[in-house]
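This report describes a predicted model. Please look at the sequence and the structure below before reading on.

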Amino acid sequence: MAVTVRPVSEAVGAEISGVDLRSLSDQDFAAIEQAWTRHSMILLRGQQLGDDDLLAFSRRFGELDPPPNQERGRISPPGYPDIYVVSNVLDAMGDPIGALGAGEAAWHTDMSYLDTPPDASMLYSLEIPESGGNTSFCGMQAACDALPADLRRRIEGRRVKHDGTYNSGGYLRKGVTPTDDPMAAPGAWHPAILRHRGNGRATLYLGRRRNSYVEGYSPEESDALLAELWAHIIQRRFIYEHVWKLGDLVMWDNRSTMHRRDEFEGTARRIMHRTQIKGTMKPVAFVA
Ligand SMILES: [Fe+2]
């Protein structure tokens with residue numbers, strides 16, 4: 001089988017075909033890694049992966065991060081602490097087997113409330129509803145390149161506070177005190193514009209909107225600035241919307257993309273298994 005790479009949108013993502021991830025040669029892995037560095041998100045359809053296969057493929061990119069602390073803590077399948085379950089399905093006790101329920105998940109990038117966030121996340125579909133639950137990706141390098149000069153000037157050289165209080169589903173993380181004050185919230189400060197270590201490009205790094213704050217401004221000025229930035233990045237031209245099929249493996253770069261999920265019917269079942277590739281260094285500012 002020959003590996004082919006086909007971009008799925010102008011700003012972000014590529015579909016890779018001709019690969020079975022259970023038996024991947026070094027040469028094919030190199031082609032996948034190159035596509036990932038270039039396109040920030042990759043999609044491989046029709047895979048048949050067990051959790052061991054998912055872990056083996058994930059570990060080719062580096063060491064793994066443990067799952068995020070979600071509304072019910074860190075939820076993993078028994079015996080697989082490095083896998084994180086995203087699901088609305090209930091177990092025999094009536095408790096969710098995973099995180100995020102069936103509601104909308106707001107735009108965010110994964111775990112950026114850590115000083116050294118994971119470089120990448122991978123999601124593999126095991127059960128999906130008939131409709132709904134699409135995941136959209138935003139290309140933050142294209143969005144950064146297209147920033148109006150005035151908007152760029154107002155964030156250049158500044159840091160943004162990334163909130164660790166709430167997850168993308170709006171749930172309070174387990175054991176965390178609720179707050180709407182960015183200064184009181186747990187989280188991390190990162191440069192607003194990063195230099196991507198893989199491809200050297202500038203990328204906007206905003207994390208998530210709730211409890212976000214741009215340093216050096218009053219809370220009101222920061223909110224107004226963030227409103228302009230968010231209106232800019234969620235333009236259609238920067239986004240790819242993924243309609244899931246069974247056996248889809250999607251991997252995204254947390255430094256150069258954000259993602260969100262549509263809600264789906266709560267009575268339908270959706271089960272995804274995720275891994276996250278540990279970041280090796282703290283994000284650094286882009287200097288032109
Ligand atoms: Fe996420």
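## The open sheet

In this predicted model, eight strands make up an open sheet with mixed pairing, and their order across the sheet is β1-β2-β3-β15-β7-β17-β4-β5. The edge positions are taken by β1 (4–7) and β5 (99–100), and because each has a single partner strand, one side of each is left without a neighbour in the sheet.

Within the sheet, strand β7 (residues 120–127) and strand β15 (residues 249–253) run antiparallel and are joined by five bridges. Along this pairing, Met122 stands opposite Met251 in β15.

## Helices lying across the sheet

Helix α1, which covers residues 26–39, lies across β1, β2 (14–17), β3 (41–44), β7 and β15, and its direction makes an angle of about 135° with β3. Helix α2, formed by residues 51–59, lies across β7, β15 and β17 (271–277), and runs at about 25° to β17. Strands β7 and β15, which pair with each other, are thus among those crossed by helix α1 and also among those crossed by helix α2.

## The iron site

The iron ion is coordinated at 2.1 to 2.2 Å by His108 through NE2, Asp110 through OD and His259 through NE2. In sequence, these donor residues follow the spacing H-x1-D-x148-H. The two histidines link distant parts of the chain, since His108 belongs to strand β6 (residues 105–108) and His259 to strand β16 (residues 257–261), 151 residues apart.

Both His108 and His259 are buried in the model.

Terms used:
Residues numbered from 1 in each chain as written. Predicted model: local features only at pLDDT ≥ 70, side-chain atom pairs only at ≥ 80, totals over all residues. Heavy atoms only, no water. Donors = N, O, S within 2.8 Å, 3.2 Å for Na, K, Ca; no water. Helix = DSSP H or I, 4+ residues; strand = E, 2+ residues; numbered from the N terminus. Buried < 20%, exposed > 50% of the residue type's maximum accessible area, 1.4 Å probe, protein only. Pairing = 2+ DSSP bridges. Contact = heavy atoms within 4.5 Å. Axes fitted to C-alpha atoms, helices over the stretch in contact; angles between N-to-C directions.
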